[in-house]
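Here are some notes to read alongside the model, written for someone meeting it today. Take the points in order, and keep the viewer open as you go.

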Amino acid sequence: MHMKMTLMVMATLLASGLAGCSKPVTYADVEPLLMKQCASCHTDDKEGVVKSGFSVSSYDSVMKGTRLGPVIVPGSAASSTLYRMVSGETDQKIHMPHNGSWLGVGQLKLIERWIDEGAKK
Ligand code: HEC
């Protein structure tokens, strides 16, 4: 009984240790999410691009941001307009995605980690 508990604790510690060392999140990890949740309005001449200039068609366009400037501050999700908009920290009128749906907790965490870890390509 005790042995089993100890093994479980060790397994948990090992797993969290490994997670801590996992490789940084890159754009390749985030891209499928942006394609699924944002591309319908933020590619080509769709309404999101027409109205704001923000396009998710490439890493460079995402980093370029809107016509007014960047929406991502590499290293700080909390300071990034994009993260604030999807996580619900801005006015509801500008919450993204604009269609009333919300990103899942796992998706938000992924974007947060990506930006916090430097928004790498
Ligand atoms: C249903 C369409 C739609 C979807 C889906 C959508 N957007 Fe938007 N987005 C818009 C429109 C339209 C605007 C222009 C501003 C406005 O009308 O509020 C905009 C503006 C923006 C802006 C610029 C805000 C500013 O400061 O001007 C960002 C950043 C943004 N969207 C990010 C996203 C992200 C990230 C996703 C996916 C998680 C997403 N959007 C999904 C329609 C959409």
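Does His42 count as buried or exposed? His42 counts as buried, because 25 C-beta neighbours lie inside 10 Å. Please bear in mind throughout that this is a predicted model.

1. **The overall layout.** The protein chain has six helices and zero strands. Read from the N terminus, its elements run α-α-α-α-α-α. The chain holds 121 residues, and 20% of them are buried. If you take the contacts between residues at least 6 apart in sequence, 47% join residues at least 24 apart.

2. **Around His42.** To find His42, look in the loop between α2 and α3. Leaving aside neighbours within four places in sequence, His42 is in contact with Gly48, Val49, Phe54, Ser55 and Val56. For Val56, the C-alpha to C-alpha distance from His42 is 5.7 Å, with the two positions 14 residues apart in sequence terms.

3. **An unusual backbone angle in that loop.** Asp44 is also found in the loop between α2 and α3. Although Asp44 is not a glycine, its phi is positive, at about 50°. Asp44 is exposed, because it has 9 other C-beta atoms within 10 Å, and 12 or fewer is the cut-off for that label.

4. **The ligand shell.** There are 22 residues around the ligand, and those that come nearest are Cys38, Cys41, Gly48, Met96 and His98. Sorted by class, the shell has 11 nonpolar, nine polar and two charged residues. Two helices that each supply at least two residues of this shell are α3 (47-52) and α5 (81-86).

5. **Gln37, at a meeting of distant segments.** Gln37 sits in helix α2. With 20 other C-beta atoms within 10 Å, Gln37 is buried; 20 or more is what that label requires. Not counting residues up to four places away in sequence, Gln37 touches Pro97 and Leu103. Ser101 is 64 residues from Gln37 along the chain, yet their C-alpha atoms are separated by 9.0 Å.

6. **The loop between α5 and α6.** Pro97, one of the residues Gln37 touches, is found in the loop between α5 and α6. Please check the peptide bond that joins Met96 and Pro97: it is cis, with omega about -5°. Ser87 is found in this loop as well, and it is buried, because 20 other C-beta atoms lie within 10 Å. From Ser87 to Gly104 is 17 residues in sequence and 9.6 Å in space, C-alpha to C-alpha.

7. **The nonpolar core.** Which residues form the largest nonpolar core? It has 12 residues: Val25, Val30, Ile72, Ala77, Leu82, Tyr83, Val86, Met96, Ile111, Trp114, Ile115 and Ala119. The elements that give two or more residues to this core are α5 and α6. Met96 is worth marking in your viewer, since it belongs to this core and is also among the residues that come nearest the ligand.

8. **Helix α6 and its two sides.** The length of α6 is as expected: at 1.5 Å a residue its 12 residues should span 16 Å, and its end C-alpha atoms are 16 Å apart, which agrees. Its buried residues are Ile111, Trp114 and Ile115. Seen down the axis of α6, these fall within an arc of 95°, so they line one face of the helix. As background, an α-helix has 3.6 residues a turn, so residues three or four places apart point the same way. What covers the buried residues of α6 includes α2 and α5, whereas Val105 and Gly106, on the other side, are exposed.

9. **After α6.** Gly118 follows α6, and its phi is positive, near 105°. Ala119 lies in the segment after α6 and has a positive phi of about 50° although it is not a glycine. Is Ala119 buried or exposed? Ala119 is buried, because it has 24 other C-beta atoms within 10 Å. Not counting residues up to four places away in sequence, Ala119 touches Met63, Ile72, Pro74 and Trp114. Of these, Ile72 and Trp114 are listed with Ala119 in the largest nonpolar core.

How values were computed
Residues are numbered from 1 along each chain as its sequence is written. This is a predicted model: local features need pLDDT of at least 70, side-chain atom pairs count only at pLDDT 80 or more; totals for chains, interfaces and linings use all residues. A residue is near a molecule or strand if its C-beta atom, placed from the backbone, lies within 6 Å of it. Helices (H or I, at least four residues) and strands (E, at least two) are DSSP runs, numbered from the N terminus. Ala, Val, Leu, Ile, Met, Phe, Trp, Tyr, Cys and Pro count as nonpolar, Asp, Glu, Lys and Arg as charged, and the others, Gly among them, as polar. A nonpolar core is a set of buried Ala, Val, Leu, Ile, Met, Phe, Trp, Tyr and Cys residues joined through C-beta atoms within 7 Å. Two residues are in contact if their C-beta atoms, placed from the backbone, lie within 7 Å. The expected span of a helix is 1.5 Å times one less than its number of residues. The arc is that of the directions from the helix axis to the C-beta atoms.
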